[in-house]
Amino acid sequence: SDHMENIYGYLMKYTNLVTGWQYRFFVLNNDAGLLEYFVNEQSRHLKPRGTLQLAGAVISPSDEDSHTFTVNAASGEQYKLRATDAKERQHWVSRLQICTQHHTEAIGKNNPPLKSRSFSLASQGSANSPGLQRRPSQNAVSFFSVGHHRLSTGKRVPIMQPDHLVDVREMMSQAEGQQRDLIRSIECLPVSGHLTSLDQDLLMLKATSMATMNCLNDCFHILQLQHASQQKGSLPAGTTINWLEPKISLANHFKNGAAQNFPAEINKPASVREEQSVAEPCQLTREPEEISSDEELEDICDDKEDDLGAVEEQRSVILHLLSQLKLGMDLTRVVLPTFILEKRSLLEMYADFMSHPDLFIAITNGSTPEERMIRFVEYYLTSFHEGRKGAIAKKPYNPIIGETFHCSWRMPKSNVATDVGGNLSAHSTSEQVTLSKDMEGQKELDYYTVKFVAEQVSHHPPVSGFYAECVERKMCVNAHVWTKSKFLGMSIGVTMIGEGLLSLLEHGEEYTFSLPCAYARSILTVPWVELGGKVNINCVKTGYSASINFHTKPFYGGKLHRVTGEVKQNSTNTVVCRVQGEWNSMLEFTYSNGETKYVDLTKLSVTRKRVRPLEKQGPFESRRLWQHVTESLRDGDIDKATEHKRALEERQRSEERLRAETETPWCTKYFLKEGDGWVYHKPLWKTVSAAQTQQMDTN
């Protein structure tokens, strides 16, 4: 009863990206089971600015810091709040959870579960088993508003709960009892002395145990919802389920390959009819196209992904989507809602990893193998932050099979770091090989050109190939990536399966590298991106290697976006460089001679890529292919963007079915399959080798 007292005080409430955090006066009304807030304490006698029903709500400490927590109501509405310190957060979270539990149980008593459910429980043991003693509020049916209309037979159809869910519920009931005993033991400690109830470690243990049980209950609840949705076909006619139902029809959002209900052809925009039309395989030109960098213009597109309004408005859609998913489920074939999309293709996102071409070109200017490896690590670690457009985690378009993206960068030669001695790598006369007529015309230019091409080479599994080269410096990079995404509860994990190869032809060196995993965290509040995992960079010829760890944030404490790594000489196992910092802000490089170098990524100049105008792009080039989706997203017309996106996906499925019926294999345009990987059809190492052979024949 002491814990059921009304509490009040100031908390910070997150509104949106524009308004940000604001101080508001909150009141916990235990009698009514309400969390109310006012502009300030003086306006407490007025009508509340906002009210949340706590029955059926989930109160969760945030993993962002030790001050933030969220209150997720059963209606789908959510408050993101921040206390002044960890102790105050724990105070509010504890009182809110007690109030929530009390009022949720009250609803469960007033809405008892169906008697027919005892059929599946009776076989599990006696009436004294923990599974039969669980609180009615923890029953999935009590969270639903289930209205039965009398059937002609006068009978109800039972909803049976799987045996494995009963077993899980029994184990969770035991864990909940142990957790309550733990909390009671901590709260019974004295407030002063050697070990007190306010000890920081005990408060952290208390909060962690509560958060763990909340997470487990959330996961179990999702499983119950999924099972209940599978049983909907067994409910009597007229039964309604009103909990977390979507406000719009979502059937086609989540079932890739399902029949699409498009409006009549005459009502479609011309752009949609064009997208949905199916091209015959013989009409598709799969011959590689040589893109001249002279046709490309500096990119003026600047789509910053900083709008969270659509995500907040569509929270019920996200909750409905989550209820359809299983933990660990592969999301490759799940069509996600349009409003969470970035305004660019995944292929273009890969290009943004080359936004510092000066650091890329400077790799080959290193005077020693050690320096070249360190320069590659520096370039590698600075390539990720520009690949993210803003702090909000949104998803780029899934590339259509056969989709391509081309761009280039021009970098003044004076901006590229040379070797320690100040000289560019010396070239003998025999090395000054004429690679092409294009290069002859560029000898006197005062800039380097880096060209980039990417292609979606496979649909299932989704594999992308990309290639970049600087002909003047005889260096290129080839990579293939299979993006495999999984549902992890309140986050989504993306594994980047594949390998990259950097070739420095002037030195005869090849560097193999992998990519880290990416995670979209806090997908119900303000989603943000985190990188995690260990990657390796190796050069067999020189014997140098690098090991880089992207650290995910611990549940409590720790920094975001932390990265550590080291470069060593394998033969002697000598570490020649260590690196630490954050991959999106500040990096610190410490060398074997004791020198230290700091790289502030927020101040690094970003070179804009050059892209052909839309009217000169081919029909399968990313920006032209997705132009109507992108325009609709810019205009904020989610429904129109969804329609254009569906048309593209349906065209891809139709073409795939046609190829299957005619047994016509898909032919890629720029990349060839070699073993388990994909290689650009005309890589620079082949061009240089052919040119050198021709030079020798001429001599």
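**Close-up views of a predicted model**

**View 1. A86 and its partners from earlier in the chain.** Setting aside residues up to four places away in sequence, A86 makes contact with S66 and H67. This is a predicted model, so read every view here with that in mind. A86 sits in helix α1, which covers residues 86-110. Its partner H67 is 19 residues away along the chain, yet the C-alpha atoms of A86 and H67 are separated by 5.2 Å. Is A86 buried, partly exposed or exposed? With a relative accessible area of 30%, A86 is partly exposed.

**View 2. The whole chain, for orientation.** Before going further in, here is the overall picture. The protein chain has 699 residues, and 51% of them count as buried. Its secondary structure comes to 16 helices and 28 strands. Take the contacts between residues at least 6 apart in sequence: 64% of these join residues at least 24 apart.

**View 3. The largest nonpolar core and F550.** The largest nonpolar core has 61 residues, and the members touching the most others are F360, L381, F452 and F550. Which helix gives this core its largest share? That would be helix α11 (residues 369-381), with seven residues. There is also another core lying apart from this one, made of 20 residues, with L11, L28, A73 and Y79 among them. Back in the largest core, F550 has a long list of partners beyond its neighbours within four places in sequence. From the stretch around α11's end and just after, the list includes Y380, L381 and F384. Also touching F550 are P516, L531, G532, G533 and V535, and the list is completed by R562, V563 and W583.

**View 4. H385 in a loop, with partners from far along the chain.** H385 is placed in the loop between α11 and β12 (395-397). Is this histidine buried or exposed? H385 counts as buried because its relative accessibility is 14%, and the cut-off for buried is under 20%. Not counting neighbours within four places in sequence, H385 is in contact with H356, W583, N584 and L601. Look for S585 too: H385 and S585 are 200 residues apart in sequence, but 8.1 Å apart in space, C-alpha to C-alpha. W583 turns up in two of these views, as a contact of H385 and as a contact of F550.

**View 5. Two loop residues with positive phi, K474 and N573.** Neither K474 nor N573 is a glycine, but each has a positive phi. For K474, phi is near 50 degrees; for N573, phi is about 60 degrees. Where do they sit? K474 is in the loop between β15 (463-470) and β16 (475-487), while N573 is in the loop between β22 (562-569) and β23 (574-582). As for cover, K474 counts as buried at 8% relative accessibility, whereas N573, at 52%, counts as exposed.

**View 6. Helices α14 and α15 side by side.** Two packed helices are described by the angle between their axes and the distance between the axes. Here the axes of α14 (residues 627-634) and α15 (residues 638-662) come within 8 Å and cross at roughly 165 degrees. That angle makes α14 roughly antiparallel to α15, because anything over 145 degrees counts that way. The crossing is left-handed. On the α14 side, H628, V629, S632 and L633 make the contact, and they meet I638, K640, A641, H644, K645 and L648 in α15. Sorted by class, this contact between α14 and α15 has five nonpolar, three polar and two charged residues.

**View 7. How covered α14 is, and what follows.** How many of the eight residues of α14 are buried? Six are, so the helix is mostly covered, going by the buried cut-off of under 20% relative accessible area. The buried residues are Q627, H628, V629, T630, S632 and L633. After α14 comes G636, which has a positive phi near 75 degrees.

**View 8. Q652 in α15.** Further along, Q652 is found in helix α15. Q652 is buried, with a relative accessible area of 6%. Leaving out residues up to four places away in sequence, Q652 touches P399, I400, I401 and H459.

Technical notes
Residues are numbered from 1 along each chain as its sequence is written. This is a predicted model: local features need pLDDT of at least 70, side-chain atom pairs count only at pLDDT 80 or more; totals for chains, interfaces and linings use all residues. Side-chain values use heavy atoms; hydrogens and water are left out. A nonpolar core is a set of buried Ala, Val, Leu, Ile, Met, Phe, Trp, Tyr and Cys residues joined through side-chain atoms within 4.5 Å. Buried means under 20% relative accessible area, exposed over 50%, partly exposed in between (1.4 Å probe, protein chains only). Helices (H or I, at least four residues) and strands (E, at least two) are DSSP runs, numbered from the N terminus. Contact means heavy atoms within 4.5 Å. Axes are lines fitted to C-alpha atoms, for helices over the stretch in contact, and angles run from 0 to 180 degrees between N-to-C directions. Angles under 35 degrees count as roughly parallel, over 145 as roughly antiparallel, 65 to 115 as roughly perpendicular and the rest as oblique. A crossing is left-handed if the near helix is turned anticlockwise from the far one by less than a right angle, and right-handed if clockwise. Ala, Val, Leu, Ile, Met, Phe, Trp, Tyr, Cys and Pro count as nonpolar, Asp, Glu, Lys and Arg as charged, and the others, Gly among them, as polar.
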